[in-house]
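This report goes through a protein model one part at a time. Please keep the sequence and the 3D view open while reading.

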Amino acid sequence: MKCLVTGSNVKVLGKAVHSLSRIGDELYLEPLEDGLSLRTVNSSRSAYACFLFAPLFFQQYQATTPGQDLLRCKILMKSFLSVFRSLVMLEKTVEKCCISLNGQSSRLVVQLHCKFGVRKTHNLSFQDCESLQAVFDPALCPHVLRAPARVLGEAVLPFPPALAEVTLGIGRGCRVILRSYHEEDADSTVRAMVTEVCLGEEDFQQLQAQEGAAITFCLKEFRGLLSFAESANLNLCIHFDAPGRPAIFTVKDSLLDGHFVLATLSETDSYSQDLGSLERHRPVPQLQAHSTPHPDDFANDDIDSYMIAMETTIGNEGSRALPSISLSPGPQPPQSPGSPSEEEDEAEPSTVPGTPPPKKFRSLFFGSILAPVGSPQGPSPVLAEDSEGEG
Amino acid sequence: MKFRGKIVDGACLNHFTRISNMIAKLAKTCTLRISPDKLNFILCDKLANGGVSMWCELEQENFFSEFQMEGFSAENNEIYLELTSENLSRALKTAQNARALKIKLTNKHFPCLTVSVELFSMSSSTRIATHDIPIKVIPRKLWKDLQEPMVPDPDVSIYLPVLKTMKSVVEKMKNISSHLVIEANRDGELNLKIETELVCVTTHFKDLGNPPLASESTSQDRNPEHMAEVHIDIRKLLQFLAGQQVNPTKALCNIVTNKMVHFHLLHEDVSLQYFIPALS
């Protein structure tokens with residue numbers, strides 16, 4: 001494989017790598033016919049990111065040398081990122097960037113041709129790997145939002161930089177609401193400040209979502225894509241479904257394609273229980289029904305039904321009274337209402353807590369060899385190749 | 001108990017934000033006292049604060065275009081709330097270019113001070129950011145500990161030099177010693193002294209000027225050049241100086257020999273008093 005990036009695209013590439021570095025520790029680099037793909041996944045498998053750079057993005061793009069198979073490699077994110085560490089330097093001094101993958105030497109060579117005849121060559125060692133594939137389809141998501149990244153960037157400004165999770169939902173009058181999410185910690189005496197930002201329908205180029213739809217996802221991971229999209233002045237598209245199903249964030253232009261797939265929280269918000277208006281539902285049914293590769297065929301724990309507390313404020317004279325949301329019931333298996341945790345045990349006896357992600361996010365199921373340890377996958381038609389020497 | 005206020009003027013908003021940034025630097029947790037005419041940020045001299053106390057006062061009508069409050073009772077028409085100062089300053093930070101800011105006492109699962117910011121947005125719709133700052137309502141019986149501290153008659157009262165200069169001096173001194181002596185006389189001279197086994201460093205400030213003393217009785221038996229001094233913890237002084245991002249309109253310092261140093265600053269119309277006790 002050999003590809004040459006020139007001019008301002010070097011910085012774009014660098015920014016994409018920075019974005020990816022927010023997600024995972026390993027970068028999967030795969031030259032495909034339709035472009036160079038850079039992918040990563042986080043350790044708890046709750047976030048996946050992929051950038052695909054079309055051949056036109058490059059001055060020269062050669063996916064394979066004739067007679068060779070497509071090579072795929074996995075590199076330490078830190079190593080790759082160190083080449084593109086200083087975006088300022090990339091912009092100011094780097095004229096060309098050449099990335100080549102030689103099957104014989106097991107090195108990924110990244111060569112930066114800089115001003116004044118300076119050439120920096122990085123030889124990064126890599127591992128052969130299988131293709132990292134996440135199973136997701138934006139078209140399956142009933143809710144879509146699209147807005148310029150700048151609008152979303154401004155919307156997340158009020159949130160503290162350290163905030164881990166945020167809830168995105170549709171309120172009354174098609175207003176889009178972003179709210180800080182804090183895990184209920186019974187022991188903590190110090191409560192956290194709750195921040196909420198309300199955007200109008202007019203801020204969005206596309207808003208196709210039901211009132212009451214809401215998801216909670218990791219803000220830090222989202223910020224990775226957001227900063228890339230803002231710098232490239234792109235529109236950001238958010239496809240989402242019910243809580244618990246992954247949310248898909250995409251950016252696109254003629255030369256590149258970015259997809260960030262983030263798991264969403266699926267658990268009862270205990271605050272909401274005080275407000276009689278919210279009902280507790282049974283666990284989302286699809287999770288039990290399928291063992292086929294389905295975006296939410298997750299290997300993991302907690303399938304409590306999830307209520308997002310977008311409740312009306314008691315005593316608030318403001319006009320923003322947000323409706324309480326309940327899951328729109330899908331086809332539900334008959335179950336007696338009980339406390340969700342009990343049901344969970346009954347309904348999913350096969351659920352073995354794998355490596356539990358600390359925040360009860362579901363792991364994304366990739367349908368690939370990269371299945372989490374200890375996961376009780378049923379026989380599922382796997383969409384990625386066999387694991388060879390894996391697990 | 002009710003409280004609601006609205007700030008629409010940009011300059012007032014910025015000033016209020018600066019004050020809250022200053023408070024956030026001076027005290028991690030503080031008490032906000034709301035009364036019909038004033039707002040106070042209070043830190044009382046508990047052991048947890050190292051004996052430092054703070055009293056900041058502002059006139060509400062200098063900031064709020066709308067202000068309504070209903071205190072604990074008719075006779076005690078005040079509200080005392082405890083909050084994390086950083087929350088307020090962070091909430092106000094979003095109001096930098098806001099059309100309006102509303103602040104009110106609410107009860108959303110838990111008592112909060114809700115700061116609602118109406119932002120300018122490109123599109124016609126308004127964008128609103130809301131911050132719910134968790135607070136603790138302070139019961140009536142504890143109010144007596146949160147009153148304006150008595151300022152004892154100082155031995156010397158002197159105007160302070162440029163605070164930035166003082167801060168950079170004290171910052172360097174902090175690396176050498178953990179306590180410092182602040183001394184001043186009625187001749188406009190102020191010294192900051194540190195002393196260790198190996199080295200003594202003194203910074204002299206001259207021609208500072210002294211405000212007229214309220215009581216002249218003590219001044220008679222004192223030589224104007226006689227220094228009143230107090231030994232204090234350098235970090236407390238540094239924390240105070242670091243909180244002053246903007247140079248105050250007026251700044252003076254009262255020293256009670258071997259007891260405490262009292263700083264009294266005026267930031268436009270907001271008064272700040274900061275008390276640092278002497279090291280025993």
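How many helices and strands does chain A have? Chain A has 7 helices and 19 strands. The model is a predicted one.

## Chain A as a whole

Chain A consists of 391 residues, and 54% of them are buried. Its exposed area is about 17100 Å², of which carbon and sulfur atoms supply 50%.

Contacts can also be sorted by how far apart the partners lie in the sequence. In chain A, considering contacts with a separation of 6 or more, 67% are between residues 24 or more positions apart.

## Two domains in chain A

Chain A is divided into domain 1, residues 2-128, and domain 2, residues 143-265. Taken over C-alpha atoms, the centres of these two domains of chain A are separated by 28 Å. The two parts also touch: 19 residues of domain 1 of chain A are in contact with 18 residues of domain 2 of chain A.

## Helix α4 of chain A

Helix α4 of chain A covers residues 149-156. Of its 8 residues, 6 are buried, so the helix is largely enclosed by the rest of the structure. Which residues of α4(A) are the buried ones? They are A:Ala149, A:Val151, A:Leu152, A:Gly153, A:Ala155 and A:Val156.

The cover over these buried residues comes from both chains. From chain A it includes the strands β11 (143-148), β13 (176-181), β14 (194-199) and β17 (235-240), together with helix α5 (219-231). From chain B it includes β9 (127-137).

## Three loop residues

A:Arg45 sits in the loop that runs between β3 (35-41) and β4 (47-53) of chain A. Its phi is near 60°, which is a positive value in a residue other than glycine. Is A:Arg45 buried or exposed? With a relative accessible area of 17%, A:Arg45 is buried, because the cut-off for buried is under 20%.

B:His109 also has a positive phi without being glycine, with a value near 70°. B:His109 is placed in the loop between β7 (98-108) and β8 (110-119) of chain B. The relative accessible area of B:His109 is 32%, and it is partly exposed.

A:Glu201 belongs to the loop between β14 and β15 (206-208) of chain A. Its relative accessibility is 38%, so A:Glu201 counts as partly exposed. Neighbours within four places in sequence aside, A:Glu201 is in contact with A:Gly173, A:Cys174 and A:Leu207. A:Ala247 is 46 residues from A:Glu201 along the chain, and the C-alpha atoms of the two are separated by 20 Å.

## Chain B as a whole

Chain B has 5 helices and 17 strands. Its radius of gyration is 21 Å, close to the 19 Å that the globule rule gives for 280 residues, so chain B is as compact as a globular protein of that length. Along the principal axes, the C-alpha atoms of chain B fill a box of roughly 65 × 45 × 35 Å.

Of the 280 residues in chain B, 52% are buried. The chain exposes about 13300 Å², with carbon and sulfur atoms supplying 49% of that area. Among contacts in chain B between residues at least 6 apart in sequence, those that join residues at least 24 apart make up 63%. Chain B carries 32 positive and 32 negative charges, and the mean positions of the two sets are 10 Å apart.

Technical notes
Residues numbered from 1 in each chain as written. Chains lettered and ligands numbered in written order. Predicted model: local features only at pLDDT ≥ 70, side-chain atom pairs only at ≥ 80, totals over all residues. Heavy atoms only, no water. Helix = DSSP H or I, 4+ residues; strand = E, 2+ residues; numbered from the N terminus. Rg over C-alpha atoms; globule rule 2.2 N^0.38 Å. Buried < 20%, exposed > 50% of the residue type's maximum accessible area, 1.4 Å probe, protein only. Contact = heavy atoms within 4.5 Å. Areas by Shrake-Rupley, 256 points an atom, 1.4 Å probe, with all protein chains shown as cover. Lys, Arg positive; Asp, Glu negative; His and termini not counted. Charge placed at Lys NZ, Arg CZ, Asp CG, Glu CD. Domains from an automatic or database assignment.
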